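Visitor: Could you take me through one part of this fold up close, strand by strand and residue by residue? Start with a pairing somewhere in the core and work outwards from there.

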Amino acid sequence: MAVLLFSGVAAAADQPNILFIMSDDHAYNALSCYGSKINQTPNLDRIAKEGMRFDNCMVTNSICGPCRAVILTGKFSHKNGFVDNHSRFNGKQLTYPKLLQKAGYQTAVVGKWHLVSDPTGFDYWEVLQGQGPYYNPTMLSNTGKHKHTGYTTDIITDLALNWLKESRDPNKPFLLVYQHKAPHRNWQPGPKYLNMYDGETIPEPDTLFDDYENRATPASEQEMTIANHMNANDLKLTQPGGLTKEQLAAWNAAYEPKNKAFQEADLKGDDLVRWKYQRYIKDYLRCVAAVDDNVGRVLDYLDENGLAENTIVVYTSDQSFYLGEHGWYDKRWMYEESFRTPLMVRWPEKIKAGTTNDALVMNLDFAETFLNAAGVEIPAEMQGRSFLPMLEGKTIPDWRKSVYYHYYEYPQPHRVAPHYGVRTDRYKLIHFYKTDEWELFDLEKDPKELKSVYDDSKYAEVQNVMKSELKKLRKQYEDDGTVVQFDKDGNVKSS
């Protein structure tokens, strides 16, 4: 249960602006501030260098739409009703933008939305339809549909900057939710990035050829391997649709020579997998580079217009992503590569530059932290906690020692079995409840989670402790296997 930290609203002059930047499927392993060995992200690194980097930020349900619903509501999927990407968000329920709006904030969202229903709680919105394309998107707004020509990452940034420059009231604090489609599948680079990394060999993860031994059966039954499950569109062996004549000409000039060389090589076996990895990872990193450059444009605007000092800048991803680890792409699992997500926060007025934090925070906590920073009362129905004191360099003595996770979507896409689990600073227990299989990992000895020790007698006591903790968290978050239902007015019908 959330704690009410403030009983009123702070004076407008004391309320910080909030710029919430979220990309889609940006792995922490593809950020140089997190030690990436495969790319550089100088603009995103600025947020970490000038603020705080969180090294243990976890998600509650590693998939696009549900993560967005959790962030908006401060509630787990079973409590906000959006459990998988087939769901529809009930926009009548309580969200942090609505509360900030009532507290005098101007609110706006631009970019990816992916919640089916129209945004609520925003004075201005212009969002992609569904996933949206990488080029020439038609976007939905509170003034109708707008057709844009260009690269979507650039367009989303243009819209964000236009709102900051032309539409906001400078006498009010603002919340700008600025959300990128990139680097989501199928990783189409923009015109400026089509030949980036050509001639280079990106290092492979050492688990690219994982055999999935010593784990429960779901790890080997999934359908998300680079070797077997990427299609011709993913690998850019076919032309994308929806491009202008000029865009298509640039695309073909970049990919046709590379595709010809691939066809002539007639690769087989591991060599073919390695080629697929290189094609995938280079396209993915090209998309990341566009995000990095565009975030830099927005940071520059804040700096140049005297807004940086009292603006909370947050960068995160809806979840992390597999960059060939375990031979995979996509997300969904409670394994580290998709469970942990990047989180960097800059707020010069409060945060000491260049600091790091290893507390177990979650995307469940974002709404509460934003409300706390604005001096707005945190509703009791929200299930996360504000980590504002951590941003100010303080410790929270009774902060959580474990985090809870629950993934639902099955069988398609990717056949990742539903599971829930608990993670502490050292151990992780996962229950695949449809088949009643368990995994237990010692993250200190096995950080890549290659061998479950669930059946190892030496871990019997650990297993019992972790099962007790899992039971406690399921009770705390009221997850009894049912999902909340709403009536037409947004009121809870049953749970």
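Guide: Let's start with Ile-21, which stands opposite Tyr-315 in strand 9. Before going on, a word on what you're looking at: this is a predicted model, where local features need pLDDT of at least 70 and side-chain atom pairs count only at pLDDT 80 or more, while totals for chains, interfaces and linings use all residues. Residues are numbered from 1 along each chain as its sequence is written, and side-chain values use heavy atoms, with hydrogens and water left out.

Back to that pairing. Strand 1 and strand 9 run parallel and are joined by 7 bridges; strands are DSSP runs of E with at least two residues, helices are runs of H or I with at least four, and both are numbered from the N terminus. Two strands count as paired if DSSP finds at least two bridges between them. Strand 9 (311–317) also has strand 10 (residues 343–346) as a partner, this time in the antiparallel sense over 4 bridges. Within that second pairing, Val-313 has Arg-346 as its bridge partner.

How enclosed is strand 9? Because 7 of its 7 residues are buried, strand 9 is largely enclosed by the rest of the structure (buried is under 20% relative accessible area, exposed is over 50%, and partly exposed is in between, with a 1.4 Å probe and protein chains only). Thr-311, Val-313, Tyr-315 and Ser-317 point one way, Ile-312, Val-314 and Thr-316 point the other way, and both sets are buried.

Strand 1 covers residues 17–23, and Ser-23 belongs to it. Ser-23 counts as buried because its relative accessibility is 0%. Skip its neighbours within four places in sequence, and Ser-23 is in contact with Arg-68, His-180, Ala-182, Pro-183, Tyr-315, Thr-316, Ser-317 and Asp-318 (contact means heavy atoms within 4.5 Å).

If you follow the chain on from strand 9, you get to the loop between strand 9 and helix 9 (336–339), where His-326 is found. His-326 has a phi near 60 degrees, positive even though the residue is not glycine. Its relative accessibility is 1%, so His-326 counts as buried. For background, most residues other than glycine have a negative phi, and most peptide bonds are trans.

Asp-436 also has a positive phi, about 55 degrees, without being a glycine. Asp-436 sits in the loop between strand 15 and strand 16, and at 53% relative accessibility it counts as exposed.

That loop takes us to another sheet. Here 4 strands form an open sheet with antiparallel pairing, in the order 13-14-15-16. Strand 13 (403–407) and strand 16 (437–442) are the edge strands, each pairing on one side only. From one strand to the next, the twist averages 15 degrees. Strand 15 (residues 427–432) is joined to strand 16 by 6 bridges, and the two run antiparallel. One opposed pair is His-431 and Trp-438, the latter in strand 16. Helix 12 (residues 460–476) packs on this sheet, touching strand 13, strand 14 (419–423), strand 15 and strand 16, and its direction makes about 110 degrees with that of strand 14 (axes are lines fitted to C-alpha atoms, for helices over the stretch in contact, and angles run from 0 to 180 degrees between N-to-C directions).

The loop between strand 13 and strand 14 holds Pro-411. A cis peptide bond joins Tyr-410 to Pro-411, with omega about 5 degrees. Another cis bond runs from Arg-185 to Asn-186, with omega near 15 degrees; Asn-186 lies in the loop between strand 8 (174–179) and helix 6 (218–221).

Farther along the chain, Gly-241 is in the loop between helix 6 and helix 7. Gly-241 counts as exposed because its relative accessible area is 65%. Gly-241 and Tyr-135 are 106 residues apart in sequence, with their C-alpha atoms 9.1 Å apart in space.

Finally, helix 7 (residues 245–265) packs against helix 8 (residues 269–304) at about 165 degrees, with the axes 12 Å apart.
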